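User: Could you take a close look at one part of this protein for me? I would like to hear about the aromatic residues and how they sit in the fold.

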Amino acid sequence: MTSLFLSCIYFIGSHFLLSAHRMRTFLIATLGAKPFFAIYSLIAASGLLLIIDHYQQLTENPMLFMPNALTKGLGMLGLYIAVLLLVLSAWQDRLNQKNNPIMTSIAPPQGIYRITRHPILISTISWAISHI
């Protein structure tokens with residue numbers, strides 16, 4: 001479990017370190033954009049592979065609880081809501097560009113955007129909570 005924790009720290013830490021504005025700007029100026037992104041991708045992929053490898057080596061059961069019928073149903077409902085919000089947000093023309101090409105005035109929200117201004121964010125939150 002310690003190796004899995006350390007590989008997660010490596011993965012997240014590398015993202016924080018390489019995504020920091022000063023570090024990123026310095027490395028892009030020094031290496032160039034494409035080599036920086038190649039190195040960044042290799043470091044991120046190595047961290048992900050470490051996480052996968054260490055998770056597979058666990059001998060104990062990492063499951064915290066066995067879900068009952070109610071929690072399974074709530075999880076499925078959360079996933080249904082997540083997919084529905086994601087599809088509806090992609091379906092709706094958010095800026096209403098067909099009716100207002102100049103964008104001199106903002107059209108009132110339509111579709112799912114009348115209910116929530118951030119359906120993709122709520123979809124992601126619902127998906128994440130359903131997987132807990």
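Analyst: Happy to help; here is a walk through the aromatic residues, with the fold first and another helix afterwards.

Please keep in mind that this is a predicted model. The secondary structure comes to five helices and zero strands, so the pattern along the sequence reads α-α-α-α-α. Of the 132 residues in the protein, 19% are buried. Among contacts between residues at least 6 apart in sequence, 62% join residues at least 24 apart.

Now to the aromatic rings. There are two aromatic pairs in the count. One of them is formed by Phe36 and Tyr40, with 5.9 Å from centre to centre and 50° between the planes, which makes the pair tilted. The angle lies between the limits for the other two classes, because planes under 30 degrees apart count as stacked and those over 60 as edge-to-face. Both Phe36 and Tyr40 belong to helix 3 (residues 33-56), where they are four residues apart, about one turn of the helix. Phe37 joins them, and Phe36, Phe37 and Tyr40 form one aromatic cluster.

How buried or exposed are the two rings of that tilted pair? Phe36 has 2% relative accessibility and therefore counts as buried. Tyr40 has a relative accessible area of 17%, so Tyr40 is buried as well, because the cut-off for buried is under 20%.

Tyr80 offers a useful contrast in setting. This residue is found in helix 4 (residues 69-91), and Tyr80 counts as exposed because its relative accessibility is 54%. Tyr80 also takes part in a nonpolar surface patch of about 670 Å², made together with Leu70, Leu74, Leu77, Ile81, Leu84 and Leu88. For the protein as a whole, about 10400 Å² is exposed, and carbon and sulfur atoms supply 71% of that area.

Let me finish with a residue of another kind, Ser7, which has its place in helix 1 (residues 2-19). Ser7 counts as buried because its relative accessibility is 2%. Leaving aside neighbours within four places in sequence, Ser7 is in contact with Leu50, Ile51 and His54. The C-alpha atoms of Ser7 and Ile51 are separated by 5.5 Å, although the two residues are 44 residues apart along the chain. The side chain of Ser7 also reaches the backbone oxygen of Leu4, at 2.8 Å.

Key: Residues are numbered from 1 along each chain as its sequence is written. This is a predicted model: local features need pLDDT of at least 70, side-chain atom pairs count only at pLDDT 80 or more; totals for chains, interfaces and linings use all residues. Side-chain values use heavy atoms; hydrogens and water are left out. Patches are made of residues with over 30% relative accessible area and no salt bridge: like charges are joined within 9 Å, nonpolar side chains (Val, Leu, Ile, Met, Phe, Trp, Tyr) within 5 Å. Accessible areas come from the Shrake-Rupley method with a 1.4 Å probe; for residues, only the protein chains shown count as cover. A salt bridge is a side-chain nitrogen of Lys or Arg within 4 Å of a carboxyl oxygen of Asp or Glu. Helices (H or I, at least four residues) and strands (E, at least two) are DSSP runs, numbered from the N terminus. Buried means under 20% relative accessible area, exposed over 50%, partly exposed in between (1.4 Å probe, protein chains only). Rings of Phe, Tyr and Trp (its six-membered ring) pair if their centres lie within 6.5 Å; planes under 30 degrees apart count as stacked, over 60 as edge-to-face and the rest as tilted. Contact means heavy atoms within 4.5 Å. A polar contact is a pair of N or O atoms within 3.5 Å; within protein, one must be able to donate a hydrogen and the other to accept it, and residues adjacent in sequence count only if both atoms are side-chain atoms.
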